[in-house]
Amino acid sequence: MSTDLDDPRFTAVGLFAEAYTGLTARFAAQFEEHRLSAVEFEVLMRLARSPGRRLRMTDLAGQTSLSTSGVTRVVDRMDRDGLVRREACPSDRRSSYAVITEGGRERLDAVLPGHLALVQEWFIGQLTPEQLAGTLESLRTIRDAVNPCATAGSGERSVEAA
């Protein structure tokens, strides 16, 4: 018996992947103008929106598309560029925090107006308020199922906003 290639599950995952790819391509050029990669932007956003503007490195890995070793490499590079710094965790010597610096916040502040304009034009602006509410609810449900660590260390305020 052959698999039904018209199965709506293929369509759902395919449309999601195509939408994500299209959005990230539009965002990438704008990030480049501000000397940031998409991953660096993601790290700065996660840190800026977290309590104390910091996250444990393991929590940052859980909230991003990076492995623990990938987060270490990115944070080391961003530390050299003055965008983040590491702080020791006072309660666990094995852990450390990534903390956004003033320089990181300034870079983020410079990129956000253009980024939000792109988000509005190519994502939010394509949906009615009802569609947007349903999309956000659906994305949170899927995110919580496939990546339960995505909100680790972010506190109650940022969990809803993530």
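A residue is taken as buried when its relative accessible area is under 20%. In the predicted model described here, the residues of helix 2 (residues 38-48) that meet this criterion are Glu40, Phe41, Val43, Leu44, Leu47 and Ala48. When the helix is viewed down its axis, these buried residues fall within an arc of 160°, so that they line one face of helix 2.

The packing of helix 2 against helix 4 was examined next. Two packed helices are described by the angle between their axes and by the distance between those axes. For helix 2 and helix 4 the angle is about 85° and the axes are 11 Å apart, which makes helix 2 roughly perpendicular to helix 4, since angles of 65 to 115 degrees are counted in that class. The contact is formed by Val39, Glu40, Val43 and Leu44 on the side of helix 2, which meet Val74, Arg77 and Met78 in helix 4. Of the helix 2 residues in this contact, Glu40, Val43 and Leu44 are also listed among the buried residues of that helix.

The strands of the model were then considered. Strands of a sheet pair through backbone hydrogen bonds, in either a parallel or an antiparallel manner. In this model an open sheet of 3 strands is found, with the order 1-3-2 and antiparallel pairing. Strand 1 (54-56) and strand 2 (84-88) stand at the edges and have a single partner strand each, so one side of each of these strands is left without a neighbour in the sheet. Neighbouring strands of the sheet are turned by 30° against each other on average, when direction is ignored. Strand 2 and strand 3 (residues 96-100) run antiparallel and are joined by 5 bridges, and Val84 stands opposite Ile100 of strand 3. Helix 4 (residues 68-80) packs on this sheet, where it touches both strand 2 and strand 3, and the direction of helix 4 makes about 115° with that of strand 2. Helix 4 therefore has contacts with the sheet as well as with helix 2.

Charged side chains were examined for pairing. Side chains of opposite charge can pair when their charged atoms come close. The structure holds 8 salt bridges, and several of these are described here individually. The side chains of Arg9 and Asp7 meet in a salt bridge with an N to O distance of 2.5 Å; in this pair Arg9 counts as exposed, at 62% relative accessibility, whereas Asp7 counts as buried, at 15%. A salt bridge is also formed between Asp59 and Arg56, whose closest N and O atoms are 3.4 Å apart. Here Asp59 is the buried partner, with a relative accessible area of 12%, while Arg56 is partly exposed, with a relative accessible area of 30%.

A further salt bridge, with an N to O distance of 3.1 Å, connects the side chains of Arg105 and Asp109. These two residues are 4 residues apart in helix 5 (residues 102-122), and are therefore separated by about one helical turn. Arg105 is partly exposed, with a relative accessible area of 26%, and Asp109 likewise counts as partly exposed, at 39% relative accessibility. In addition to these pairs, Arg54, Arg85 and Glu87 are linked in a network of salt bridges.

Backbone geometry was considered for two loop residues. Arg35, which lies in the loop between helix 1 (8-33) and helix 2, has a positive phi of about 55° although Arg35 is not a glycine. The relative accessibility of Arg35 is 62%, and the residue counts as exposed. A positive phi, near 55°, is likewise found for Arg53, which is also a residue other than glycine; Arg53 is located in the loop between helix 2 and strand 1 and counts as partly exposed, at 40% relative accessibility.

Finally, Thr141 was considered, a residue of helix 6 (residues 129-146). Thr141 is exposed, with a relative accessible area of 52%. Along the chain Thr141 and Ala12 are 129 residues apart, and in the model their C-alpha atoms are separated by 15 Å.

Note on methods:
Residues are numbered from 1 along each chain as its sequence is written. This is a predicted model: local features need pLDDT of at least 70, side-chain atom pairs count only at pLDDT 80 or more; totals for chains, interfaces and linings use all residues. Side-chain values use heavy atoms; hydrogens and water are left out. A salt bridge is a side-chain nitrogen of Lys or Arg within 4 Å of a carboxyl oxygen of Asp or Glu. Buried means under 20% relative accessible area, exposed over 50%, partly exposed in between (1.4 Å probe, protein chains only). The arc is that of the directions from the helix axis to the C-beta atoms. Two strands pair if DSSP finds at least two bridges between them. Axes are lines fitted to C-alpha atoms, for helices over the stretch in contact, and angles run from 0 to 180 degrees between N-to-C directions. Contact means heavy atoms within 4.5 Å. Angles under 35 degrees count as roughly parallel, over 145 as roughly antiparallel, 65 to 115 as roughly perpendicular and the rest as oblique.
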